[in-house]
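Let's take a walk through this one, with an eye on the empty spaces and on what fills them. Have the viewer open as you read.

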Amino acid sequence: MNIGQILQNAKNNMKRQEEALAAELLLSFLLNKKKEYLFLNPSEEIHQEQEKNFQALFKRFYQGEPLAYLTHHKEFFGLDFHVDKRVLIPRPETELLVEKVLELTKKTGDVRILDIGTGSGCIALSLAKNLPGAQITASDISTEALQVAALNRETHGLKDRVTLIESNLLQNIEEPFDIIVANLPYIGEKKFNFVAREVYKYEPHIALFGGDDGTFLYEQLFQQLKAKKWQPHFLLGEFGFLQGEKIRGLHAQYFPDEQLEIFQDYAKIERIFMILFET
Ligand SMILES: C[S@@+](CC[C@H](N)C(=O)[O-])C[C@H]1O[C@@H](n2cnc3c(N)ncnc32)[C@H](O)[C@@H]1O
């Protein structure tokens, strides 16, 4: 079979436009060529082995496995990240968290930034790329996630710029930071349990679930931060649909004297909190 026939066959069995795009992406991934190559060379013959590999990958996609885990690539903030089942696939809405930190650093200049729950390293490494003067530390409780972050750090040539630490929230963090940013797991196990079947099935649960109502880890973080001798200038975190009230409650309980701001994402859903500390 040739490239054009393989894609046509795949398309004939599809119901959604998204699946047609996936077929193109998977084939270009397998052939290690850009997507344009497929359109320019439809009559190129494909080895039987490659065709079999394509069918196997496409079946996995069809059964719900995320495309990013099949190709091991995900773009975030204009950078390419390796992803596999050890880490959450970076989501587009998290780019807003990076943008907010970049806005803040315009005012503060060179800063020490801590990214808690770094996963693939997408937040910390995007910040490091955009802030050549910043000192950046990225932490995670998962050894496996830190292996992926280290791989991405290497690919992006940021080994000297980003320190990786294994830590349960702030437990192993001694030195002070100016900005703490976190996208902690925030899906509730009982309340706010908004999780797609594929996400539940394929993505690491340690990256998804944050206690009964999803805010357990933010509460723990607030408690640990309150007990530190230092406080950052800013603490920013991403949270889930309808959790804004709970975040406001935690702020009132732990940091009532500090200013809180809540930002919406592009879908007009409350998504990010920022606490400004009077330090
Ligand atoms: C929602 S994922 C975010 C990953 C990445 N920062 C992103 O935005 O795509 C949450 C991450 O927090 C980590 N995590 C879970 N519990 C943690 C804890 N107690 N302390 C530190 N990290 C934790 C998970 O391993 C996971 O990598």
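Start with what the walls are made of: the lining of the largest pocket breaks down into 23 nonpolar, 11 polar and 6 charged residues. Keep in mind that you're looking at a predicted model. That lining comes to 40 residues, and if you head for the centre of the largest pocket, the ones nearest to it are Leu88, Leu184, Pro185, Ala207 and Leu208. The space in there is about 800 Å³.

So what takes up the largest pocket? The ligand does: the space it takes is the largest pocket. Around the ligand you'll find 19 residues, with Gly117, Asp140, Asn168, Leu169 and Asn183 as the closest. Sorted by class, this shell holds 10 nonpolar, 8 polar and 1 charged residues.

Now zoom in on some individual atom pairs. Asp140 puts a polar side-chain atom 2.6 Å from an oxygen atom of the ligand. Asn168 also uses its side chain, where an N or O atom sits 2.9 Å from a ligand nitrogen atom. With Leu169, look at the backbone instead: one of its N or O atoms there lies 2.9 Å from a nitrogen atom of the ligand. Step back from those pairs and check the cover: on its own the ligand has 600 Å² of accessible area, and the protein covers 96% of that.

There's another space worth a visit. How much space lies in the second largest pocket? About 490 Å³. Its lining has 19 residues, and Leu67, Ala68, Thr71, His73 and Lys74 are the ones nearest the centre of the second largest pocket. To place this in the fold, follow the secondary structure: α2 (17-31), α5 (67-71) and β1 (73-76) each give at least two residues to the lining. By class, the lining of the second largest pocket splits into 8 nonpolar, 4 polar and 7 charged residues.

If you want the general idea behind a tour like this, rolling a probe the size of a water molecule over the atoms shows where empty space is left.

Conventions
Residues numbered from 1 in each chain as written. Predicted model: local features only at pLDDT ≥ 70, side-chain atom pairs only at ≥ 80, totals over all residues. Heavy atoms only, no water. Near = heavy atom within 4 Å. Polar contact = N/O pair within 3.5 Å; in protein donor to acceptor, adjacent residues only side chain to side chain. Areas by Shrake-Rupley, 256 points an atom, 1.4 Å probe, with all protein chains shown as cover. 1 Å grid on protein atoms, 1.4 Å probe; cavity = no way out; pocket = protein on both sides within 12 Å on 5 of 7 lines; lining within 4 Å. Sits in = over half its atoms within 2 Å of the grid points. Nonpolar A, V, L, I, M, F, W, Y, C, P; charged D, E, K, R; others polar. Points joined across faces, edges and corners; volume = space filled by probe spheres on them. Helix = DSSP H or I, 4+ residues; strand = E, 2+ residues; numbered from the N terminus.
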